[in-house]
Number of protein chains: 2
Amino acid sequence: MPPREIRNMDEFAAVSGISRPTVSKYFHNPDSVRQSTRARIEAAIEQYDYRPNIFAMNQNRKLTKNVGIVVPLLADPYFAEIARNLEQRCIVAGYSPTLFSAHGDPEQEVAVLNNLRALKPAGVLLAPLGRASDTDVLAKFCEDVPTLIFDSSVAELGIAFVGSDNQQFTAHITDYLCRTGEPPCFFEMKNPANPNAHRRRHAYLAAMEKFGHSPHVISVAGEGWGFEEIGRVGGHDAFARNLFPTNTILCSNDRLAIGLLTASYERGITVGRGDGSTVRIAGQDGHPHSRYTCPPLTTISHDYDAVSKHAADTLFAAIEGNAERWQSTRIEGRLILRDSA
Amino acid sequence: MPPREIRNMDEFAAVSGISRPTVSKYFHNPDSVRQSTRARIEAAIEQYDYRPNIFAMNQNRKLTKNVGIVVPLLADPYFAEIARNLEQRCIVAGYSPTLFSAHGDPEQEVAVLNNLRALKPAGVLLAPLGRASDTDVLAKFCEDVPTLIFDSSVAELGIAFVGSDNQQFTAHITDYLCRTGEPPCFFEMKNPANPNAHRRRHAYLAAMEKFGHSPHVISVAGEGWGFEEIGRVGGHDAFARNLFPTNTILCSNDRLAIGLLTASYERGITVGRGDGSTVRIAGQDGHPHSRYTCPPLTTISHDYDAVSKHAADTLFAAIEGNAERWQSTRIEGRLILRDSA
DNA sequence: ATAAAAAATTTACGCGCGTAAATTAGCGGT
DNA sequence: ACCGCTAATTTACGCGCGTAAATTTTTTAT
C-alpha cells in the first residue's frame, strides 16, 4: 500500500526528506552518500517503491550502467550457459546486462553492434562469430566502446581477451587417448567458423609429434553453425570412404562429435571404450549436452565459471578506470571421462 | 565521410531541410509523412548517418517501440529457437526486441518482469515458468503491460494465449504408436514445471481409452528444469523396478526422452523400432536436438513458425489498437518419424 | 570547543526529443 | 482559377533527470 504514487525524483526526494541531487547521487552510487542518508533513502524506496526513469537517467549520463553481452549463437547451449553466467555477474556488480545473439549471421552481428552503440553501454562482453566477423566493424566498435572479447580471439582487439586454453585442451585429451588405446585421428570442419578450431588442430599435430605418433586429420566440408549436421554428414562420408585410419577419433568440438555419434549409430558402428566397441570418439568443450549422448561423451570441458569470472572482472576493472595493457588469458580445461572414449 | 557530425534532431532537421516535428513524426512512423518528404529525410539519414537518441525518444513517448521477449530457460534450445524466431518478427515489424530469461527460477522471473516495466514496453511476449510462476505478479504485470502469453498458459492472463495443441500432440503420437506396435505407457515428471505436461497426460489417458487400451503412467520424481537428468535417473529407477509394462514408452517431452535414452544405453537396453530392439521410445516437442540422439528420436514437433507468427501478429495487432477478446489458440504439431519408435 | 573537511542543500540550467496549437504551404479536383 | 483538404512549419512547453556552482549543514579531527 504505497501512501501515494511517486511520479519522479523530485517527489521522491520530498517524501524521503533528502534533496534531489543527493538522491540522484545515491542512485548513481549508493556508497557515495553518508550511511545515515543511504538508510533514509532506502527506507523511502521500500515504502514508496520508487525507481528512477532509466531513459531520463541514461540520457545525460556520459557513462551508463548498461553492459552488452553478445554471443554468436544463443541456440547453442554452450553460449547460453556462459551468457547466463556473465549476466549474473553483471547484476551482482550493479550493472544492467542486455543479451544479444548474432544467430550465426555476420550481418546480424554488425546490426547487434550498431544497436548496442545506441545503448551507450559502459562496456561490452563480446564473443565474436570469428572468421565470419567483419573485422573492421569489430575494430571500430572496440575503439568506441570498452569491449572485452571472450571465447574466440580476433586480433588484439578490445581491452583484453579471455578464453580457454585450446592448446592445453587438445594436448591433454590427445595424451589421454594415446595412453589408453590407439592414437587418435582428428575430425574437424574444413572451414571452421571459429579460430579456436585452428589452434586445436595445431595442438593435435604437435601433441602427436611429441608422443611419436603420426597425426591424421579428417577435414569435412560444411559451412555455418549447424555443427551436428556437418559432423553427421561428414561422418557418414568419412566412414563410407574409410577415411579413419585408427579406431580413435578426436573431434574438434562436442557438437561435431554429437553428429559423428549419430552417423556412427546410423551405420551400426558401436562407439565406446569397452571391448565390444568398434571406435572411440571424444569431443572438446564440455558441452551441456555431452553427458546425455549415447554413449556419454568423453570430452575436455571449459571452466565456465573461471572464464566468465575473469572476463567479467576484467571488464569491470576497465570500466572503473583500472585499465591494464591488452592481455590474453587462456584458462585450462578439465578432462571428463565418460564411456565414448 | 559525413560532412559534419550531427548531434541532435534539430541539426538533422536543419541539414535535411525539414522541420524537426516532421522529422520526429517520420521516426515515429515513416509512412505518416508525404512520400517526397520521406525520401528527403532518408537521403539525409544516408548521408549523415543520423539516428535519434533512443533514451530521449522513449522518455516522453507514452508508447515506446520496445518489446520484451521472456522465456523460462534460454539454455533450452527449444526456447532459444522460438525466441530467435520472435525476435526476427519484432525487428521486421519495426519493434525493438529485448530478450530475457528466468533461468528456471521464479524469483528471477519476477525480477525480469520488474526490469521490463522500466523499459515501458509497448508489449511483451511471455512464456511463463508455469507452475512455479508467481501468479499474482504475472496477473498484475499483465494488467499494466500488453502481454501475450505463449508456450504455457496461466489462467486467462494477458491479451491472448498462443501455444501448441498438446491434446492433439499426444493423441496423434499415441495413435501412431498404437498402430505400429504395442500401446505405449507414459513417462513423465511427477511434479512437472509446465502445465502442458498435465494436458499431455490427460490426452494420453483419453487416447488410450478411445483406442480400447489400458493406460499406464510412470511418474518420476525430480524438481526443476534439469529434465534430461530427471529422465535419466528416473529411467534407471523405472527399469530397475520393472515399471514399464509395455515395450513402448511415450515421454512427456523430448528432454525427458533424451535422458531416458541415456539411461537405456547405460543399462544396455536397445532402443528402436527394428526387430533387434527391446523398447521403443518417443518424445514430444520436436526439440532441436532430437534429430541427433541415438537412435534419432521419434517425436511430434511444435510448429515453431506458426506459433511464433501467430503470437507476434496477435501482440502487434493489440498494440496497434486492434484488440480482441482474450482468446486461446493452440496449433497442431507434426509427427516426425525417426528410428527410436 | 573550534577549525577543517566532508556531505548535503539550493539554485539553476541543459539534454534530446515528444507533442500540442495555430499557421502556412502544397495538392488534387472541378 | 478557385476551393477544400492534407501535410508541413512555427512556436512553445514539458519530460525526468544529470550536473555544476555556491552555500549551508554536519561530521571529524585537533
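This briefing covers the DNA contacts, the chain A to chain B interface, the domains and some backbone features of a predicted model. Chain A and chain B bury about 3600 Å² between them. The surface near DNA strand D has 25 residues, and 24 residues surround DNA strand C. Over all chains, the structure holds 36 salt bridges.

**DNA strand D**

- Among the 25 residues around DNA strand D, those that come nearest are Met9(A), Ser24(A), Tyr50(A), Arg34(B) and Thr37(B).
- Sugar or phosphate accounts for 67% of the atoms of DNA strand D within 4 Å of the protein, and bases account for the rest.
- Thr37(B) places a polar side-chain atom 2.4 Å from a phosphate oxygen of the strand.
- The side chain of Ser19(B) has an N or O atom 2.7 Å from a phosphate oxygen of DNA strand D.
- On the base side, an N or O atom in the side chain of Asn60(A) is 3.4 Å from a base oxygen of DNA strand D.
- Two or more residues of this surface come from each of helix H2 (20-28) and helix H4 (54-60) of chain A, and from each of helix H2 (20-28) and helix H4 (54-60) of chain B.
- H4(A) gives the most to the surface near DNA strand D, with four residues.
- By class, the residues near DNA strand D are eight nonpolar, 11 polar and six charged.

**DNA strand C**

- The closest residues to DNA strand C are Ser19(A), Thr37(A), Met9(B), Ser24(B) and Tyr50(B).
- Of the atoms of DNA strand C within 4 Å of the protein, sugar or phosphate makes up 64% and bases the rest.
- Ser24(B) has a polar side-chain atom 2.4 Å from a phosphate oxygen of DNA strand C.
- For Ser19(A), a polar side-chain atom lies 2.7 Å from a phosphate oxygen of the strand.
- Arg20(A) reaches a base instead, with a polar side-chain atom 3.4 Å from a base nitrogen of DNA strand C.
- The elements with two or more residues on this surface are H2 and H4 of chain A together with H2 and H4 of chain B.
- H4(B) gives the most to the surface near DNA strand C, with four residues.
- The residues of this surface divide into eight nonpolar, 11 polar and five charged.

**Interface between chain A and chain B**

- Chain A gives 41 residues to the contact, and chain B gives 41 residues.
- Of the area buried between the two chains, 61% is on carbon and sulfur atoms.
- Phe55(A), Tyr292(A) and Cys294(A) supply 21% of the area that chain A buries against chain B, more than any other three residues.
- There are two salt bridges between chain A and chain B.
- A salt bridge joins the side chains of Glu266(A) and Arg291(B), at 3.0 Å from N to O.
- The two chains have 15 residue pairs in polar contact, counting pairs with both residues at pLDDT 80 or more.
- On chain A, H4, helix H5 (77-92), strand S2 (96-101), helix H6 (106-118), helix H10 (227-240) and helix H11 (254-266) each supply at least two residues of the side that touches chain B.
- That side of chain A has 18 nonpolar, 14 polar and nine charged residues.

**Domains and a salt bridge within chain A**

- Chain A is divided into domain 1 (9-52), domain 2 (66-163 + 304-331) and domain 3 (166-301).
- The C-alpha centres of domain 1 and domain 2 of chain A are 33 Å apart.
- Glu188(A) and Arg201(A) form a salt bridge, with their closest N and O atoms 3.0 Å apart.
- Glu188(A) is in strand S6 (residues 185-189) and Arg201(A) in helix H9 (residues 196-211) of chain A, so this pair ties together parts that are 13 residues apart in sequence.

**Backbone features**

- The peptide bond from Cys294(A) to Pro295(A) is cis, with omega near -5°.
- Pro295(A) is in the loop between strand S9 (280-282) and strand S10 (299-301) of chain A.
- In chain B, the bond from Cys294(B) to Pro295(B) is cis, with omega near -5°.
- Pro295(B) lies in the loop between strand S9 (280-282) and strand S10 (299-301) of chain B.
- Asp49(A) is not a glycine but has a positive phi of about 55°.
- The loop that holds Asp49(A) is between helix H3 (35-48) and H4 of chain A.

Notes:
Residues numbered from 1 in each chain as written. Chains lettered and ligands numbered in written order. Predicted model: local features only at pLDDT ≥ 70, side-chain atom pairs only at ≥ 80, totals over all residues. Heavy atoms only, no water. Near = heavy atom within 4 Å. Polar contact = N/O pair within 3.5 Å; in protein donor to acceptor, adjacent residues only side chain to side chain. Nonpolar A, V, L, I, M, F, W, Y, C, P; charged D, E, K, R; others polar. Contact = heavy atoms within 4.5 Å. Buried area = accessible area lost by both parts, 1.4 Å probe. Salt bridge = Lys/Arg side-chain N within 4 Å of Asp/Glu carboxyl O. Domains from an automatic or database assignment.
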